[in-house]
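Me: I'd like a close look at one part of this model, the strand pairing. Walk me through what sits next to what, and go slowly enough that I can follow along in the viewer.

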Amino acid sequence: MHDAVGAYVLGVLDDADATAFEAHLARCGVCAARMDELAGMEPMLAMLADVPGLAEGPGLTDTPGSSGRPLSAQPPPPPPPAPATAQGPPLLNRLVDEVSVHRARRHRRARYLVAAVAVLVIGGPALAVSALSTDAPTTTRVTAEDVFTGLKEKATATDAATKVSATVAMEPKAWGTDTMLELRNVTGPLKCRLVAVSKTGEEQIVTSWSVPKWGYGIENSPDETARKPLYVHGGTAMPRTDIAHFDVRTFDGRQLVRVNA
């Protein structure tokens, strides 16, 4: 029965033999594994039936009353069966065995690749960098200060009354103006917004934020976090050339600092 796998895949077993093989297949792990290896190869195996001498053996061509498992391309009606020879089935099985070996080799290579992909998925991006490069992986963390530094045009002002200091970095975009604010010497609690004001007086809110009671950019603060400035990123639909100035205002309308653009 183990030798009938190739013939079954080709569809050349008669009804009785095919039924017997299917009953055997239900309880035979060897044949089930071999069927899995040969899955999808019916067209290739069918071509083997056209090898001279291979189709001359009994049972290797479809005949009326066959199992109804036709080949993908039916050969012409066969001549009357020739006397049985030992050439057909052994040659077919040897060819099927060779195909199985090549398939198994490809399966092993595929398993290695799947294992490598699994390592990358489980290990994450850092491991992927390590796997794809001979150099040690490096981690790059872009901070808000980096983005602020990268915007080339900047304008700075300090309000004489509030002592709040602000620097607005700008960059023209097709959609308007990319904007980032650096805010210093402000204490809270406050809720604030950055407003862009055009040369014609039009106003647009760029972004908003909250200031905790310990504040931002307080030079002599004992709190390390409070000594750092606040960076807030936003944008406005106004073209850069239309902007006259930016105002930092509280939600109740009090102006903390104005930065001329």
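Reply: Bookkeeping first: two strands pair if DSSP finds at least two bridges between them. Strands are DSSP runs of E, at least two residues long, and are numbered from the N terminus. What you're looking at is a predicted model, where local features need pLDDT of at least 70 and side-chain atom pairs count only at pLDDT 80 or more, while totals for chains, interfaces and linings use all residues. Residue numbers start from 1 along each chain as its sequence is written, and side-chain values use heavy atoms, with hydrogens and water left out.

Let's start with the sheet that holds β4. Its 4 strands run in the order β5-β4-β7-β8, with antiparallel pairing, and the sheet is open. The edges belong to β5 (203–211) and β8 (255–260); each has a single partner strand, so one side of each goes without a neighbour in the sheet. Ignoring direction, neighbouring strands here are turned by 15 degrees against each other on average, with axes taken as lines fitted to C-alpha atoms and angles between N-to-C directions running from 0 to 180 degrees.

Now zoom in on β4, residues 190–198, which is joined to β7 (residues 243–250) by 7 bridges, the two running antiparallel. Two spots help you find the register: Ser198 has Ile243 as its bridge partner in β7, and Ala196 stands opposite Phe246. Toward β5, β4 pairs over 8 bridges, again in the antiparallel sense. There, Cys192 is matched with Trp209 as its bridge partner in β5. β4 and β5 make a hairpin with 4 residues between the strands, and in it Gly201 takes a positive phi near 95 degrees.

How exposed is β4? Of its 9 residues, 7 are buried, so the strand is largely enclosed by the rest of the structure. Buried here means under 20% relative accessible area, exposed means over 50%, and partly exposed lies in between, using a 1.4 Å probe and protein chains only. Cys192 falls in the buried class at 0% relative accessibility.

From there, follow Trp209. Leaving out residues up to four places away in sequence, Trp209 touches Leu181, Leu183, Leu190, Lys191, Cys192, Arg193, Leu194, Leu230, Val232 and Val248. Contact means heavy atoms within 4.5 Å. Two of those neighbours, Leu181 and Leu183, lie within the residue range of β3, 176–184, so let's turn to the sheet β3 belongs to.

This one is also an open sheet of 4 strands, ordered β1-β2-β3-β6 with antiparallel pairing. Its edge strands are β1 (153–158) and β6 (230–236), each pairing on one side only. From one strand to the next, the twist averages 20 degrees.

Go through it pair by pair. β1 and β2 (residues 165–173) share 6 bridges in the antiparallel sense, and Thr156 stands opposite Thr167 in β2. Their hairpin has 6 residues between the strands, and Lys163 takes a positive phi near 70 degrees in it. β2 and β3 pair over 9 bridges, antiparallel as well, with Glu171 opposite Asp178 in β3. The hairpin of β2 and β3 has 2 residues between them. Finally, β3 and β6 pair over 7 bridges in the antiparallel sense, where Thr179 stands opposite Gly234 in β6.

How do the two sheets show up in the core? The largest nonpolar core has 26 residues, and the members touching the most others are Leu181, Leu183, Val186, Trp209, Phe246 and Val248. Elements giving two or more residues to this core are β1, β2, β3, β4, β5, β6, β7 and β8. The biggest share comes from β4, with 4 residues. A nonpolar core, by the way, is a set of buried Ala, Val, Leu, Ile, Met, Phe, Trp, Tyr and Cys residues joined through side-chain atoms within 4.5 Å. Apart from this core lies another of 10 residues, including Ala4, Tyr8, Val9 and Ala18.

If you only keep one residue selected, I'd go for Trp209: bridge partner of Cys192 and among the core members with the most contacts to other members.
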